[in-house]
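Subject: A structure for you to explore

Hi there,

Here is the structure I promised to pass on to you. Have a look around it first, and then read on for my notes.

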Amino acid sequence: MRILLTHTPRDRDNYYGEEALAALRRQGELRLNTDSHPPDAARLATLAAGCQVIVADRQAAGDPAVFAALPDLVAFLRVAVDIRNIDLEAAGRHGVLVCRATPGFADSVAELAVGFLVDLARGISHSVCGYRGGQPPAARMGQQLSGATLGIIGYGVIGQRLAALAQALGMRVLVSDPHRQAGPGMEQLALPDLLARSRFLCCLAPATPETEGLLDAAAFAAMPRGSCLLNLSRGNLVDEAALEAALDRGHLAGAAMDVGRAPDQMPSPRLAGRPDVIATPHIGGLTPEAVRHQAFDTVRQVEALAAGRLPEGAVNADRAHRLERFGIARPDAAPG
């Protein structure tokens, strides 16, 4: 089996690791991307020529041109949960299997959210920057998290973990999610009611067409004056012009973000540079434990292919007729 890993050398160190690399090498001929930047469609097709499997970082897009150019390709494995930049229709048309990893980053992202909460409540970054700049900051009143209200939009694996941590801190937890029921001791609310009652609001909903721009000017206006926003989901969910306006007029006291609308879901530099914003460069899942979890999901998927089994995490197995090259019978196509 010939396998391409698309990560740049730097991203390979950060998001895959030597242990997973060694495990991949045991499954076949491993080809590495030595470029310093993520491959575009043409470059990806060149790198993957002759490969049966692509193990793709989150920036390597599965464009129609990629699938059309790679007749040997059997599987496109994403080392992440988010597969929005993989064209599933094109993959299925060419019989290529697409797989995703499971969310092994819940603890990592939830812990970063707790750090954001403490920082927003106590102004830690503001004080640190003042001291480092040679201007000792004035002592200012903070807020105790115990007894404060945290609203969580999206009660998936990260939302559930953050809710448990917030409860351990003594916070009141409100949840808005049309698909999942809040846990014990929490209150389930429609989004407008949650916005109106949240001193801290954490966005953890998935990025879908329905959630595009979910937090807009009307949403920020509905929040209590002096409240704070945290975004650890995707930049697509936040109207950044509306957020900036809400911060400018003092309606929101601050914001913390690990994601934004800059390339690779990075926080937008304009917002990140504000003194009332805490920003980190999309590091929510960047811990050894989280990285290892997702890397080894793809290792197990490659192992399954090599053994003639359908991998876990497959999202279009009913159309992946090239699986037959590995002796894998695809499930029957869905009716209609």
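Below is what turned up, starting with the strands and ending with the open and enclosed spaces. Please keep in mind that this is a predicted model.

**Strands side by side**

Let's begin near the start of the chain. Strand β1 covers residues 2–5 and runs parallel to strand β2, residues 29–32, with four bridges joining them. If you would like one pair to look for, Arg2 has Glu29 as its bridge partner in β2. β1 also runs parallel to strand β3, residues 53–56, and here three bridges make the connection. On that side, Ile3 is partnered with Val53 of β3.

Further along there is an open sheet of seven strands, paired in parallel, and its order is β8-β7-β6-β9-β10-β11-β12. Which strands stand at the edges of this sheet? They are β8 (187–188) and β12; each has a single partner strand, so one side of each has no neighbour in the sheet. Elsewhere in that order, β6 (residues 149–153) and β9 (residues 200–203) run parallel and are joined by four bridges. Gly151 is a good place to zoom in, as its bridge partner in β9 is Leu201. While you are looking at strands, here is a general point: in a regular strand, side chains alternate between the two faces of the sheet.

**Salt bridges**

How many salt bridges does the structure hold? There are 16, and a few of them make good examples.

Take Asp35 and Arg43, whose closest N and O atoms are 2.7 Å apart in a salt bridge. Is Asp35 buried or exposed? Its relative accessible area is 16%, and Asp35 counts as buried because the cut-off is under 20%. Its partner Arg43, at 30% relative accessibility, is partly exposed.

Next come Arg58 and Asp264, whose side chains meet in a salt bridge at 2.8 Å from N to O. Arg58 sits in the loop between β3 and α4 (64–69), while Asp264 sits in the loop between β11 and α12 (269–272), so this pair ties together parts that are 206 residues apart in sequence. Both residues have some accessible area: Arg58 is partly exposed at 25%, and Asp264 is partly exposed at 21%.

A third example is Asp107 with Arg161, where the closest N and O atoms are 2.8 Å apart. This pair also links distant parts of the chain, with Asp107 in helix α6 and Arg161 in helix α8 (residues 157–168), 54 residues apart. Asp107 is partly exposed, with a relative accessible area of 43%, and Arg161 is partly exposed at 31%.

Salt bridges can also join up into a group. Glu244, Asp248, Arg270, Arg274 and Asp276 are linked in a network of them.

**Around helix α6**

Helix α6 spans residues 106–122 and includes Val118. At 31% relative accessibility, Val118 counts as partly exposed. Together with Ile124 and Val128, Val118 makes a nonpolar surface patch of about 190 Å². Ser108 is in helix α6 as well, but Ser108 is buried, with a relative accessible area of 9%. To get a feel for distances, try Ser108 and Ala317: they are 209 residues apart along the chain, and their C-alpha atoms are separated by 30 Å.

**A pocket and a cavity**

The second largest pocket has about 490 Å³ of space. Which elements give two or more residues to its lining? They are α6, α7 (124–132), β11 (252–257) and β12 (277–279). Helix α6 gives the most, with four residues. The lining has 22 residues in total, and those nearest the centre of the pocket are Gly123, His126, Arg140, Pro275 and Asp276. You have met Asp276 already, in the salt-bridge network.

Finally, the structure holds one cavity of 30 Å³ or more. The largest cavity has about 50 Å³ of space. Its lining is made by Asn231, Gly235, Val238, Glu240, Leu243, Met257, Val259, Gly260 and Leu271.

Enjoy exploring, and send me your questions whenever you like!

Best wishes

Conventions:
Residues are numbered from 1 along each chain as its sequence is written. This is a predicted model: local features need pLDDT of at least 70, side-chain atom pairs count only at pLDDT 80 or more; totals for chains, interfaces and linings use all residues. Side-chain values use heavy atoms; hydrogens and water are left out. Two strands pair if DSSP finds at least two bridges between them. Patches are made of residues with over 30% relative accessible area and no salt bridge: like charges are joined within 9 Å, nonpolar side chains (Val, Leu, Ile, Met, Phe, Trp, Tyr) within 5 Å. Accessible areas come from the Shrake-Rupley method with a 1.4 Å probe; for residues, only the protein chains shown count as cover. A salt bridge is a side-chain nitrogen of Lys or Arg within 4 Å of a carboxyl oxygen of Asp or Glu. Buried means under 20% relative accessible area, exposed over 50%, partly exposed in between (1.4 Å probe, protein chains only). On a 1 Å grid over the protein atoms alone, a cavity is a set of points where a 1.4 Å probe fits but cannot get out, and a pocket is an open set with protein on both sides within 12 Å along at least five of seven lines; lining residues have an atom within 4 Å of a point. Grid points are joined across faces, edges and corners, and a volume is the space filled by probe spheres set on the points.
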